[in-house]
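Here are some exercises to work through with the structure open beside you. Try each task yourself before you read the solution.

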Amino acid sequence: MKRPSKALAAAVALGSLVLVGGCSGEGDPMTFDGPGTASSAPGGGTAGAGGPAKGTGEAGGGPKTLMPTGPKADFTTANTLPDGTRIGVTTLHGAKSGFTGKVWVWAPPQYFDPKYAGSGFPVLIALPGGNGYPNNYWMGTDLKLQSSISTWSKQGKSLPFVVVMPVLNPDDEHYYDGSDIPGQPKMGTWMTDDVPDFVRANFRTFASRDGWAFMGSSSGGFVGLKSVLKHPDRFKAVIASGPDTVPDSPLWAGHEKERRANDPERLAAALGAAPDTADRRVFLAFQAGSRESGLAGVRSFVRTYTKGPVKSRLQVIKDGEHNARTYVKGMGDGSIQWISKHMQGPVPAPAPAPGGAP
């Protein structure tokens, strides 16, 4: 069931309080333009990146960076972290889904470092539990998702992800399972087409799926899990925390064929039966608190569907419950490091030769 527990509902409220309570510069215009004109110029393009990379990736010859294609979105400051990085918010009009909603974004300190001016960055699409509307609670600073990623990346435990936080549902009345339910807003297209297109328009990214992942709690964990299994050619990994594993929106009534096409169990079974080749492999990092009632279901999914190109890992969080704070702890305990090892990290420019020699 996708109704939030009291603990998860409290996390939603906490995330919303940050937006209401205010912060330095809240509402001020801001930009994510990176260092150098090439990385932020409209028109974008591609660039080859050389040198060592953190994370593995899968393509030979070095990762292919995509420069921002534009048009640039208008961001305003939603929150400011202690290190001075900011979470920006904008309104996205989804060209493919037709849905309009808010998207929050945070870029790590490394994104603004001149030595990475020619490199793409991995993207983590972070989804909340509960209704996920009108706010995505990961945009608050209280849960410390962004500051934790910043710390973990310095410790070598995580890639420095650009964190993208779209609204999960179009209203607070129904769950849409991150899917294109007939007759309803196309939230599947919004999540897996419009949001990535928006990121590519505004940020330096990677051309391959090695640079794209989801993370989510509860209902958001379901959407991230389903999106990766349905589109393994676009997304490589997910951190699914306390997730639902079957589509259960009441809006599916009368649309059983479409519901089955968005069922993670069916999707995992089909992908698991395919040849285990590098271009098909997906990495499902499950998390659940030891006190969660849904832990048995997650264990069953891992046991049943970890086959062929479907790779999985389960982080059982000691004394953890069904809430966002538990899941951030679990990420630091191993989940973020595991998916980072299978993804592409930013590549620094080659250091200049000693004495200025070419």
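**Exercise 1.** Which residues touch the most other members of the largest nonpolar core?

*Solution.* Keep in mind that this is a predicted model. Start with the core itself, which has 82 residues. Then look for the members that touch the most others: these are Val105, Trp138, Met165, Trp190, Leu229, Leu284 and Ile339.

**Exercise 2.** Pick Trp190 and find what it touches, leaving out residues up to four places away in sequence.

*Solution.* Look for heavy atoms within 4.5 Å. Trp190 then touches Leu92, Gly94, Ser97, Phe99, Gly101, Lys102 and Val103, and also Pro166, Val167 and Val195.

**Exercise 3.** Work out why the buried residues of helix H7 line one face of the helix.

*Solution.* First, find H7 at residues 295–305 and mark its buried residues: Leu295, Val298, Phe301, Val302 and Tyr305. Next, look down the axis of H7: these buried residues fall within an arc of 125°, so they line one face. A general rule helps here: an α-helix has 3.6 residues a turn, so residues three or four places apart point the same way. Now turn to the face away from the buried side, where you meet the exposed residues Ala296 and Arg303. Finally, ask what covers the buried residues; the cover includes helices H4 (219–230) and H6 (264–272), along with strands S12 (282–289) and S13 (310–317).

**Exercise 4.** Describe the whole chain in a few numbers.

*Solution.* Count the elements: 8 helices and 13 strands. Then turn to burial: of the 358 residues, 55% count as buried. Last, take contacts between residues at least 6 apart in sequence: 76% of them join residues at least 24 apart.

Note on methods. Residues numbered from 1 in each chain as written. Predicted model: local features only at pLDDT ≥ 70, side-chain atom pairs only at ≥ 80, totals over all residues. Heavy atoms only, no water. Buried < 20%, exposed > 50% of the residue type's maximum accessible area, 1.4 Å probe, protein only. Helix = DSSP H or I, 4+ residues; strand = E, 2+ residues; numbered from the N terminus. Arc of directions from axis to C-beta. Core = buried A, V, L, I, M, F, W, Y, C linked by side-chain atoms within 4.5 Å.
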